[in-house]
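Please walk me through this structure, beginning with its main pocket and then turning to the contacts between charged side chains.

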Amino acid sequence: MLISVRDLLRLKGDAVWCVAPGTSMIDALHELADKDIGALLVMEGGSIAGIISERDVVRKIVETGMFEPGGTVSEYMTPGVFTIGPTQTIEDCMNLMTEKRIRHLPVVEADKLVGMISIGDVVKAIITSQEFTIDQLTKFIDGGGYNQ
């Protein structure tokens with residue numbers, strides 16, 4: 001059973017949390033903590049300018065040896081964000097995330113942001129799909145639903 005990104009968004013919701021490039025890092029970290037999420041999209045003028053994740057913050061601290069709470073998101077974010085379309089499958093998401101070593105994929109349709117998928121969302125959907133397939137195969141093997 002192939003599950004599309006659109007199907008996944010219907011199940012998990014299409015909320016996307018965003019910040020502007022000039023947002024202070026302390027405010028961005030508060031937003032991550034308050035929403036219990038691992039990344040925020042960085043939006044500028046309706047376009048995706050980048051993504052700021054927990055990993056981005058840790059990498060920057062390791063590189064510089066310091067953290068500037070008043071620093072801006074643009075100093076810590078990753079520009080050049082990979083995206084996925086709503087008609088693509090969760091397997092496509094998993095392949096892209098694995099190949100590019102990323103944990104979050106914005107979903108874009110006709111140049112419009114329509115959602116965000118995390119690696120956790122993808123893994124959960126794949127497990128659910130596999131459980132359904134196993135259940136169906138078990139019923140078929142056991143002859144469930146058939147008159148014998």
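**The pocket and the salt bridges**

Among the elements that line the largest pocket, helix H3 gives the most, contributing four residues. The model in view is a predicted one, and the description that follows should be read with that in mind.

The elements that each supply two or more residues to the lining of this pocket are strand S3, covering residues 47-53, helix H3, covering residues 54-64, and strand S4. In total 17 residues line the largest pocket, and those lying nearest its centre are Ile51, Thr78, Arg101, Ile102 and Arg103. The space inside the largest pocket comes to about 330 Å³. As for the character of its wall, the lining is made up of seven charged residues, five polar residues and five nonpolar residues.

From the pocket we can turn to the pairs of oppositely charged side chains, of which the model has four that count as salt bridges. One of them joins Glu109 to Arg6, with the closest N and O atoms 3.1 Å apart. Because Glu109 belongs to strand S4, which runs over residues 104-109, while Arg6 belongs to helix H1, which runs over residues 5-12, this pair ties together parts of the chain that are 103 residues apart in sequence. Glu109 is partly exposed, its relative accessible area being 34%, and Arg6 is likewise classed as partly exposed, at 30% relative accessibility.

Helix H1 also holds a salt bridge whose two partners both lie within that helix, namely Arg10 and Asp7. The closest N and O atoms of Arg10 and Asp7 are 3.0 Å apart, and the two residues, being three residues apart in the helix, are separated by about one helical turn. How exposed are the two partners? Arg10 is exposed, with a relative accessible area of 60%, a value that lies over the 50% cut-off for that class, whereas Asp7, at 30% relative accessibility, counts as partly exposed.

A further salt bridge is formed where the side chains of Glu99 and Lys100 meet, with a distance of 3.4 Å from N to O. Here Glu99 is exposed, its relative accessible area being 57%, while Lys100 counts as partly exposed at 34% relative accessibility.

Notes:
Residues are numbered from 1 along each chain as its sequence is written. This is a predicted model: local features need pLDDT of at least 70, side-chain atom pairs count only at pLDDT 80 or more; totals for chains, interfaces and linings use all residues. Side-chain values use heavy atoms; hydrogens and water are left out. Buried means under 20% relative accessible area, exposed over 50%, partly exposed in between (1.4 Å probe, protein chains only). On a 1 Å grid over the protein atoms alone, a cavity is a set of points where a 1.4 Å probe fits but cannot get out, and a pocket is an open set with protein on both sides within 12 Å along at least five of seven lines; lining residues have an atom within 4 Å of a point. Grid points are joined across faces, edges and corners, and a volume is the space filled by probe spheres set on the points. Ala, Val, Leu, Ile, Met, Phe, Trp, Tyr, Cys and Pro count as nonpolar, Asp, Glu, Lys and Arg as charged, and the others, Gly among them, as polar.
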